[in-house]
Amino acid sequence: NDGGNQRHGLDVRLVGRKVNRSGYGATIEVAASGLYQKQTLREGTAHFGLGPLTNVDVVRVTWPNGMAQNIIQPAIDTTMDIEEYVKVSASCAFLWADDGTGFQLVNEILGVGPLGVPMTRDQLFPVDCTELTKIEPDQLVARDGAYELRLTEDLREICYLDQAILRVVDHPAELEILPNEMFTGPPFPEDKFFAIAERRTPRRAVDDRGQDVLDLVAHRDGRYPTFPMTSYDGLAQPHSLTLDFGPLTGATQILLCLDSWIYWADSSVSWSIFQNPDCALTPLKLEVCDAQGQWRTAIESVGLPTSKGLVVPVDLTGQFLSTDRQVRLSTTLCVYFDRIFLATRDAAARCRVTPLPVARADLRFRGFARMTREAFGYERFHYDTVTPFGSWDPPRGQFTRYGDVTRLLAAPEDRYVIFGPGDELALRFDARRLPPLPEGWRRSFIFYADGWVKDGDLNTQCSETVEPLPFHGMSRYPYPASEHYPDTPAHREYGRTYNTRESRSRVGPLLSTARSATSGRSGDLKP
C-alpha cells in the first residue's frame, strides 16, 4: 500500500436469501475504467484493490444457483453488503396478445408440464403436456385479417412447443368462459370448458384467524386474503379459509370456482423444505361438514392455478355430506384467492367453437422484458421495454434455429420448437375463416398448447442441458434407460434441419453491462 491512504479499495460481503446465508461459492466480478478482476468467495469478505482508481463501474455477483446480479457504480473505500435479490427465475413461457394497441401479457403457459421438478424428496411432479389458457375478448383484436400472439422466454428455462391452436369461442355476452384447467396429478383435467351464466358469491368467508375476508374474495380486484409466512420463499404457515354459500336448493350441478394465483417455491427452496422436519409443502385440501358438524376431507388435493388469474374449477357435485354448504380450504402453499364463487349451471352447449391452426410461426431473438415486482411477489413483465441481457445463461445444447417453424406446430409429433432465454415465437392465425358474430354475442379465445417447460434451477433434474428431449408417451422425466426419444428417419431429419442453434450466453459482458447502465438504456440489471 505505497502512499498510505492514497490508494483505494472495495470490500464485498454477501448476504444470501435463497442460497447459503454467506453466499459462499459465489463469484464476484468488478469492472472499473476498463480494468477487470474476479474472485470466488470462500470465506468472510472479498477485497478488491483499486489503486489510484476513484470509482467502480459495476460489480457483478453470480450466486451459487447461477443467478447474476449487478450493482452499478457502488461507493468505494467501504464494505458493501450485497443482499441476494429474490425474484422469479423460472416460471413458464409468457403468452402475449395484440389487443389493437400493442402486445399485452395474457398469462404464463405450460405450467402443467414442468420437467424434472421435485414434488417430495423421492418423487417428481407428474408431467402433463396440454394446457388451456383463456384470452379475454378485449385482449385479442384482429389486424389485417389475422390474430397475432407472441410466446417469449424471459426467464431461466426451456420451452418445447409441439402444437398450438387458437380456439375461438363465440358465446352469448352474459356467459363467462372458463377452461377446465389446473395443476394436478393424474387423471389430468378433461379437455373442455365451462360457460357460466350465474355466479353465487359466498355469504360468509373467514380465515383461520377469525378475520372476515368476504370483501376480498367477492370480486376480482387484485386484493387477496393473506396468511403468515415462513422463512422459506414460497412457503406459508398452515392456514385455511372457510366459505359458507348458504342453501343451494335444487342445484343439480355445483362447481366451485377459485380465481387465484400461486407463488411457487422453486426446486432449490423445495429441497430445503424437504430436509426440515418442521415444515412441509401441503396441497390445497377441501373439507366439508358431516351431519354431526365435523370437518371431513372431501378432496385431498383440489388442484392449483397453473398461472396468474386462472380460475380453477372444482366439481363439488355429490361431495357434500349434509345440508351444510360450508367448505374449508387449507394448505401451506402461497395460494392467493382473488375471487371465489359457485356456479350451478353450465351453458357450454350454447357456445360455438372454431379452431384456428397456426398460419405462420417465426422464431427469433428478442431479449428480456423489464420486470416489476409487486406485493406478495406478484411480478409483471413489460413487452415494450427490453434488454439484450438477462440474469442467467441458457442450458447447454441445441435449440431450434431461427426462422419459419410453422410446420413444427401443426400436430403433436415430438418434433417441436425448442426455445430458451431471450427467444420469441411469433404466431399468426387467420381470422378471415371465422363466421360472423350473432347479435348480442361476444368472442372469447382459448389458447391450446401441447408441450413442456424445464427450468434452470440446479435442483431441477437435467436443468443444465437441453437434452434429454421429452416425448409423448414417456412414463416420467427424466425417463428410464428403457425409454428413449423417437429414433425414426423423420425425427433424425427434424434434428438435423431444425435443431442447429448452439446455446450462447445471455448475461452479457460485464463492461457492456456497465456502459448500458451508465448510458441510461432501458432494462438495466440493478439490485
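Colleague: How many of the 8 residues of helix H2 are buried?
Modeller: In this predicted model, helix H2 spans residues 267–274 and is mostly covered. Ser267, Ser268, Val269, Ser270, Ile273 and Phe274 are the buried residues. With buried taken as under 20% relative accessible area, the number for H2 is 6 of 8.

Colleague: Against which strands do the buried residues of H2 pack?
Modeller: The buried set includes Val269, Ile273 and Phe274. The packing partners of the buried residues are strand S16 (235–244) and strand S30 (441–455).

Colleague: Which residue caps the N-terminal end of H2?
Modeller: The cap involves the backbone nitrogen of Ser268, with a side-chain oxygen 3.2 Å away. Ser268 is itself buried. The residue that supplies this oxygen is Asp266.

Colleague: Which are the edge strands of the open sheet with the order S3-S2-S5-S6?
Modeller: This sheet has 4 strands with antiparallel pairing. An edge strand here pairs on one side only, which holds for S3 (35–40) and S6 (68–72).

Colleague: Which residue in S3 is the bridge partner of Glu29?
Modeller: Strand S2 (residues 27–32) runs antiparallel to S3, and 6 bridges join the two. Within this pairing, the partner of Glu29 is Lys38.

Colleague: Which strand gives the largest share of the largest nonpolar core?
Modeller: That core has 51 residues, and Leu149, Leu161, Leu425, Leu427 and Phe447 have the most contacts inside it. The largest share amounts to 7 residues, and the strand concerned is S12 (residues 157–172).

Colleague: How many residues has the other core, which includes Phe125 and Leu241?
Modeller: This core lies apart from the largest one, and Phe245 and Ile299 are also among its residues. Its number of residues is 33.

Note on methods. Residues are numbered from 1 along each chain as its sequence is written. This is a predicted model: local features need pLDDT of at least 70, side-chain atom pairs count only at pLDDT 80 or more; totals for chains, interfaces and linings use all residues. Side-chain values use heavy atoms; hydrogens and water are left out. Buried means under 20% relative accessible area, exposed over 50%, partly exposed in between (1.4 Å probe, protein chains only). Contact means heavy atoms within 4.5 Å. A polar contact is a pair of N or O atoms within 3.5 Å; within protein, one must be able to donate a hydrogen and the other to accept it, and residues adjacent in sequence count only if both atoms are side-chain atoms. Two strands pair if DSSP finds at least two bridges between them. A nonpolar core is a set of buried Ala, Val, Leu, Ile, Met, Phe, Trp, Tyr and Cys residues joined through side-chain atoms within 4.5 Å.
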